[in-house]
Every structure is written in C-alpha cells, then in structure tokens.
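Hi there,

Here is the structure I promised to pass on. My notes on it follow below.

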Amino acid sequence: MSVSTTLPTRKLPEPAAMLRLIKPITWFPPMWAYLCGVISAGVAVSGNWGLVILGVILAGPVVCGMSQAANDWCDRHVDAINEPDRPIPSGRIPGRWGLWIALAMSALSLLVGYQLGPWGFGATIIGVAAAWAYSAEPVRLKRSGWWGPGLVGLSYESLPWFTGAAVLSAGAPGWPIVITALIYGIGAHGIMTLNDFKALEGDTKTGVNSLPVTLGPEKAAKAACCIMVLPQVAIVALLLSWGKPLHALGVAAVLIAQLFAMRVLLRDPKGKAPWYNGTGVTLYVSGMMIAAFALRGVA
C-alpha cells in the first residue's frame with residue numbers, strides 16, 4: 001500500500017502537529033548556551049531582564065524552532081522512511097504548510113533579533129542562514145558527516161553563547177569568552193553525530209553521509225566521544241591557566257562522569273545513543289555553565 005493512500009486529506013495543519021514540528025525538546029541547548037553567555041559576560045542582570053528573556057525566547061522557540069521546521073520540510077522524504085509518523089510525512093501538516101511555517105518563523109526570528117540591537121540582530125542573521133544552509137538544497141550541509149554536525153554544534157552552542165555575552169555587554173565579548181564558546185561548539189559536533197544514529201536507515205538510502213553511515217556505528221561513536229572529550233580537556237587546561245582551579249576541577253569532574261557514560265554507549269552505540277543524549281549531554285552542558293561562571297572573573 002502506498003503512503004499516499006493511507007494519509008488523511010487535510011487543508012490546514014493540526015495545532016498539535018505544528019508544535020511537534022518545531023520540537024520543543026530541542027530548544028534547551030541554545031537557550032542554555034545563551035544563558036551561559038549572559039553569565040560569562042559578568043554584567044549585572046538586574047535592569048537587563050528584558051534582554052535576557054527576549055534572547056532566551058529567540059534562541060529557543062523562535063530560531064531553534066524555525067530550524068527544526070526548515071529541517072523537517074527539507075527532510076520530508078527521508079522522514080517518510082525513518083519516521084513516517086512525523087507531522088509532514090504523516091499528512092497532519094499538509095501541502096506546503098511546512099515550508100510556509102519555516103519561512104514565517106525565519107521572518108519572525110529576524111524581527112525579534114532586531115530588538116536585541118546590532119549584535120543580536122547580526123547573530124540572528126547568521127543563525128537563520130546557518131539553519132537553511134544545513135537543511136536546504138543546493139547547500140544542504142547535513143549531507144556531510146563533518147560539516148553538518150559542525151555547523152549545528154556551532155549554531156546551538158557557540159553562537160548563542162557569544163550572542164548572550166555580546167547583548168549584555170553591548171559590545172564584542174573578550175577573547176576568553178569567544179574561545180570558550182567556540183570550543184564548546186566544536187565539542188557539540190559529537191553530540192550531533194550521536195543524534196544521527198536514529199536516522200541511519202533513511203540517511204543510507206537517501207545519500208546523507210552522516211558519520212554513522214560512512215564510518216559505521218562503532219567507529220562513529222568512538223569519533224563522537226573523542227570529539228566531545230578533547231575540547232573539554234582544553235577547557236580544563238584554559239581554566240587552570242586563567243587561575244580558576246576550582247572551576248577547572250568542576251569541569252574535570254563532569255568530564256570523568258561522561259567517560260563512564262561513554263563506556264556504556266560504546267557497548268551498543270546504536271541502542272545507547274538516545275540514552276547517552278539524556279545523560280552524557282546533561283553533564284556536558286553542566287560543564288558549560290561551570291565555565292561560564294569562571295569567565296566572570298577572567299579579564
């Protein structure tokens with residue numbers, strides 16, 4: 001039986017399907033990274049709550065939600081294989097509604113970003129462009145297991161961290177903030193690689209060369225672990241060089257806990273990838289906040 005004969009005919013999208021399209025569960029990383037930027041700037045939050053709240057909303061529901069809608073629209077054929085119950089392939093968001101939602105949210109992102117001043121607006125432009133470059137033809141960087149996760153990692157962690165610090169500081173953040181945000185964004189490449197395990201079958205059939213496809217699950221998991229570990233080792237070394245031994249110890253502690261979780265992951269990479277995304281990633285982002293507090297006292 002073909003898919004077209006089993007889908008309900010709709011003219012308007014289901015409200016619940018629209019919420020699922022923008023995937024609220026994915027909003028946390030950029031929202032958290034924005035807050036890390038706010039903390040690391042060392043600027044008093046009192047009197048700036050509007051910038052903090054607006055920035056968190058922009059990073060999560062608006063820009064990240066837009067990126068999810070754009071990705072689902074561009075991935076609708078892949079999702080018909082991997083997850084046919086998703087809003088677009090299931091028909092609960094019919095026709096071109098998925099595209100229209102993504103475009104409308106792109107415009108909304110720019111409108112909200114403009115309210116955060118030149119630094120916030122500039123970062124929003126980059127974020128929107130990155131979202132479409134990742135998903136849409138002819139660029140579609142997600143076809144690469146290296147460029148795709150790298151772009152998402154930088155967009156989810158580095159860019160919102162930099163934005164939070166720049167908006168609160170009303171200027172360019174210092175180089176310790178920039179390098180810390182960049183390092184954590186690079187490490188997030190490994191997180192995004194583990195996220196690709198759930199789409200292994202569809203990616204293989206549609207020519208998306210994710211690392212699980214090109215390297216196989218075992219080697220891809222090992223690569224992801226290395227990519228996550230090494231940047232955090234660099235953060236520990238930097239914090240020590242900046243005279244923040246207690247914060248360095250805190251980051252080292254959460255890294256050690258991740259190493260134990262990675263041992264579990266490597267026993268069954270495909271089966272344990274979702275589990276690791278709920279445990280190891282929580283530890284990873286906890287280290288981010290520890291580093292953010294350390295940066296408050298770094299010149």
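First, a classification: Ala, Val, Leu, Ile, Met, Phe, Trp, Tyr, Cys and Pro count as nonpolar, Asp, Glu, Lys and Arg as charged, and the others, Gly among them, as polar. Please note that this is a predicted model, where local features need pLDDT of at least 70 and side-chain atom pairs count only at pLDDT 80 or more, while totals for chains, interfaces and linings use all residues. Residues are numbered from 1 along each chain as its sequence is written, and side-chain values use heavy atoms, with hydrogens and water left out.

On to the second largest pocket (a pocket being, on a 1 Å grid over the protein atoms alone, an open set of points where a 1.4 Å probe fits, with protein on both sides within 12 Å along at least five of seven lines; lining residues have an atom within 4 Å of a point). It holds about 210 Å³ of space, a volume being the space filled by probe spheres set on the points, which are joined across faces, edges and corners. Its lining has nine nonpolar, three polar and no charged residues; among them are Ile126, Leu154 and Phe162. Helices H6 (117–135), H7 (147–169) and H8 (175–195) each supply at least two lining residues, and the largest share, six residues, comes from H7. Helices here are DSSP runs (H or I, at least four residues), numbered from the N terminus.

Now the salt bridges (a side-chain nitrogen of Lys or Arg within 4 Å of a carboxyl oxygen of Asp or Glu). The whole structure has nine of them. Asp72 and Lys23 meet in one, at 2.7 Å from N to O. Asp72 lies in helix H3 and Lys23 in the loop between H1 and helix H2 (28–41), so this pair ties together parts 49 residues apart in sequence. Asp72 counts as buried at 2% relative accessibility, and Lys23 is buried too, at 13%. For reference, buried means under 20% relative accessible area, exposed over 50%, and partly exposed in between (1.4 Å probe, protein chains only).

Arg140 pairs with Asp75, their closest N and O atoms being 2.7 Å apart. Arg140 is buried at 7% relative accessibility, as is Asp75 at 5%. Asp85 also forms a salt bridge with Arg20, at 3.4 Å between the closest N and O atoms. Asp85 is partly exposed, at 43%, and so is Arg20, at 33%.

Finally, Lys23, Asp72, Asp79, Glu83 and Arg86 are linked in a network of salt bridges.

Best wishes
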